[in-house]
Amino acid sequence: MQNQNQNLIERLLSGDRRALARMVTLIENGVPGIRDCLAELHRHAGRAHIIGITGSPGVGKSTLVTQLTREFRQRQRRVAVIAVDPTSPFSGGALLGDRIRMMELAGDPGVFIRSMASRGSLGGLSAATRDVVRAMDAAGYDPILIETVGTGQAEVEIMRAAHSVMVVCAPGLGDEVQALKAGILEIADLFVVSKKDKPGANQTAAELAMLLSLAPDRRTAAWRIPIVLTSALKGEGIDQLVEALERHRRFLEDSGLLQQRAQRQIRSEIEALIVQKVLQHLEEEVSPGEWQRLLSEISERARDPYSVARELEERLGLPR
Amino acid sequence: MAATRPIRVLVAKPGLDGHDRGAKVIARALRDAGMEVIYTGIRQTPEMIVEAAIQEDVDAILLSILSGAHMALFPRIMELLKQNGVTDVLVAAGGILPDEDIPAIKAMGIKGCFGPGTPVEQIIQFVRENIHPERLQVEV
C-alpha cells in the first residue's frame with residue numbers, strides 16, 4: 001500500500017492528470033492514510049497563486065473563471081480550477097454544473113478542472129478544498145482558481161483558502177450592494193462588476209466605490225481594492241482583471257502579507273485537523289448506546305451537557 | 001470507510017442534437033438518489049467527454065444521444081477511454097438507440113442501453129449495481 005501511495009504521488013508530481021484526479025478523490029473521501037500523502041505533497045506545494053472567486057448565484061462566476069483561465073493560458077500558465085456546488089441536505093447528492101460554462105476550456109492539456117460538492121460544509125467551500133488545492137499546487141498548476149458555491153452574505157470560508165479573493169457582483173440585482181454589506185464585502189481584495197454590457201453596471205460600480213470610500217482605513221490602506229468591470233459577452237475587462245490579480249499577488253509578496261496569510265491559513269488547518277482527531281477519539285470512546293443513555297439523562301434533567309462534556313474530556317485525557 | 005462515499009457520475013450529451021431534457025431528468029434523479037452528478041451540457045465531442053471523465057475521476061459515464069450518431073461517436077469515446085488507460089469506469093447510454101444497434105453498442109463495452117420510457121429507478125439501480133467494485137474500495 002505504501003508503494004502504491006508513493007507511485008501515485010510520483011505520477012502526480014510528474015504531471016499525470018489521472019494521478020491528480022485520483023488523489024483528489026482520495027482526499028475528498030478522507031481515506032485512511034491520506035494525511036501521509038498530503039504531508040508529502042506539502043513539501044512540493046507553495047508555488048501557486050490561489051485565487052478565490054465568490055458572489056451570489058448567477059452573477060457569472062463560472063463564466064468569469066473561464067475567461068480568466070483563457071487569459072492566464074495566453075500568458076503560458078497552467079491553470080487548475082476547483083468549482084464547488086452545493087450538496088443536497090436531503091439526499092446527499094449534488095448536481096455539479098459549472099463545467100457547462102467552462103466548455104471552451106475542454107481539451108486544453110494546460111487546464112485541470114475539478115467539480116466538488118460542498119458535502120455539508122456551510123462556508124461556500126467543501127471541507128477538503130484546501131487539501132485539494134495542495135495537491136494541484138504540488139502538481140505544478142499556477143494559478144489555482146477556486147469558485148465557491150453561489151453565496152449569500154456570510155460564506156467567507158474562501159478567505160481561509162485563497163491568497164486573493166475576488167467578489168463578483170452583477171448589475172440589475174436591486175439592492176445587491178446592500179446585501180453585500182456585512183460579511184462578503186469585508187473579504188474582497190478585488191471587486192468585479194460583471195455583465196458590464198447590461199444597464200446599471202456603472203451604477204453598481206459607483207455604489208461599490210462609495211461603500212469602499214466609507215472604510216475608515218481607506219486612505220492609509222496599503223492595498224486599494226480595485227473595482228474591475230467585465231463583459232464576458234464582449235470579452236472586455238478580463239486583461240485588466242488579470243493585471244489587477246497579478247498586482248495583488250506582487251503586493252502580497254512584497255508586503256510580507258502572503259506569508260502572513262499563508263501562516264494564518266495553516267494554523268486554522270492544524271486546528272481543524274486536531275478537532276477532527278478529537279471527534280474521532282470521542283466516537284471511539286463513547287458507544288452509540290452510551291450516547292443514548294447520556295442524552296436521555298440530560299433531557300430528563302438528571303444531568304446537564306456541561307458536566308457530561310467535562311467527564312468525556314477527562315476520559316479523552318484533555319486537561320481541565 | 002470509502003464504501004459510504006457518494007458515487008460520482010458524468011452525464012454527457014455527445015454530438016450535435018440539443019435535446020437535453022432527458023439528460024437533465026436523469027441528472028436530477030441521480031442527484032436525488034444521493035449521487036454527485038457532473039453535467040457537461042450539450043454538444044460534447046468524445047475528447048471533451050473523456051477529458052472530463054478523467055479530471056472528475058467519475059465512477060460512471062452516462063451518454064445521452066438522440067441524433068442517431070451513436071455508431072460514430074460511441075466507438076470513438078470507448079477508444080479514447082482505452083487509450084487513456086481508463087478501464088474501471090462504467091459506461092451506459094440512453095436515448096434513441098435502435099434495437100439492431102444494441103448488440104454492437106454492448107460489444108464496445110457500453111454496459112447498459114436505456115430507451116425512452118425507462119423508469120429512472122431502473123437506471124439508478126443499474127448504476128449502483130454496476131460500478132467497478134475496485135473503485136468503491138479506494139484506500140491508500
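This passage walks through a predicted model with chains A and B, taking the sheet of chain A, the contact between the chains and the sheet they share in turn. Residues are numbered from 1 along each chain as its sequence is written, and chains are lettered from A, with ligands numbered from 1, in the order in which they are written. In this predicted model, local features need pLDDT of at least 70 and side-chain atom pairs count only at pLDDT 80 or more, while totals for chains, interfaces and linings use all residues.

Chain A is a good place to begin. Chain A is divided into domain 1 (46–255) and domain 2 (268–315), with bounds that come from an automatic or database domain assignment. The C-alpha centres of domain 1 and domain 2 of chain A are 38 Å apart. Seven strands of chain A make an open sheet, in the order β4-β2-β5-β1-β6-β7-β8, and their pairing is parallel. Here helices (H or I, at least four residues) and strands (E, at least two) are DSSP runs, numbered from the N terminus, and two strands pair if DSSP finds at least two bridges between them. β4 and β8 (227–229) of chain A stand at the edges with a single partner strand each, so one side of each has no neighbour in the sheet. From one strand to the next, the twist averages 20°; axes are lines fitted to C-alpha atoms, for helices over the stretch in contact, and angles run from 0 to 180 degrees between N-to-C directions.

The edge strand β4(A) is worth a look. Seven of the seven residues of β4(A) (residues 111–117) are buried, so this strand is largely enclosed by the rest of the structure. A residue counts as buried if 20 or more other C-beta atoms lie within 10 Å of its own, as exposed if 12 or fewer do, and as partly exposed in between, with C-beta atoms placed from the backbone. Both faces of β4(A) are covered, with V111(A), I113(A), S115(A) and A117(A) on one side and F112(A), R114(A) and M116(A) on the other. The partner is β2(A) (residues 79–85), which pairs with β4(A) in the parallel sense over seven bridges. Along this pairing, V79(A) stands opposite V111(A), and V84(A) has M116(A) as its bridge partner.

Elsewhere in the sheet, β6(A) (residues 164–169) is mostly covered, with six of its six residues buried. S164(A), M166(A) and V168(A) point one way from β6(A), and V165(A), V167(A) and C169(A) point the other way. β6(A) pairs in the parallel sense with β1(A) (residues 50–55) over five bridges, where G55(A) is matched with V168(A) as its bridge partner. β6(A) also pairs in the parallel sense with β7(A) (residues 190–193) over four bridges, and there C169(A) stands opposite V193(A).

The two chains meet in a contact that takes 34 residues from chain A and 30 residues from chain B. Two residues are in contact if their C-beta atoms, placed from the backbone, lie within 7 Å. On the side of chain A that touches chain B, the elements giving two or more residues are α1 (2–13), α2 (17–28), α3 (34–44), β3 (94–96) and β4 of chain A. α2(A) gives the most, with seven residues. By class, this side of chain A has 17 nonpolar, 12 polar and five charged residues; Ala, Val, Leu, Ile, Met, Phe, Trp, Tyr, Cys and Pro count as nonpolar, Asp, Glu, Lys and Arg as charged, and the others, Gly among them, as polar. Within α2(A) sits R22(A), which is partly exposed, with 19 other C-beta atoms within 10 Å. Leaving aside its neighbours within four places in sequence, R22(A) is in contact with L8(A) and D57(B).

A second open sheet draws on both chains, with six strands in the order β3(A)-β2(B)-β1(B)-β3(B)-β4(B)-β5(B) and parallel pairing. Its edge strands are β3(A) and β5(B) (112–114), each pairing on one side only. β3(A) joins β2(B) (residues 36–39) in the parallel sense over three bridges, with V37(B) as the bridge partner of L95(A). Within chain B, β3(B) (residues 60–65) and β4(B) (residues 90–95) pair in the parallel sense over six bridges, and I65(B) has G95(B) as its bridge partner. Helix α2(B) (residues 46–56) lies across β1 (8–12), β2 and β3 of chain B, at about 165° to β1(B).
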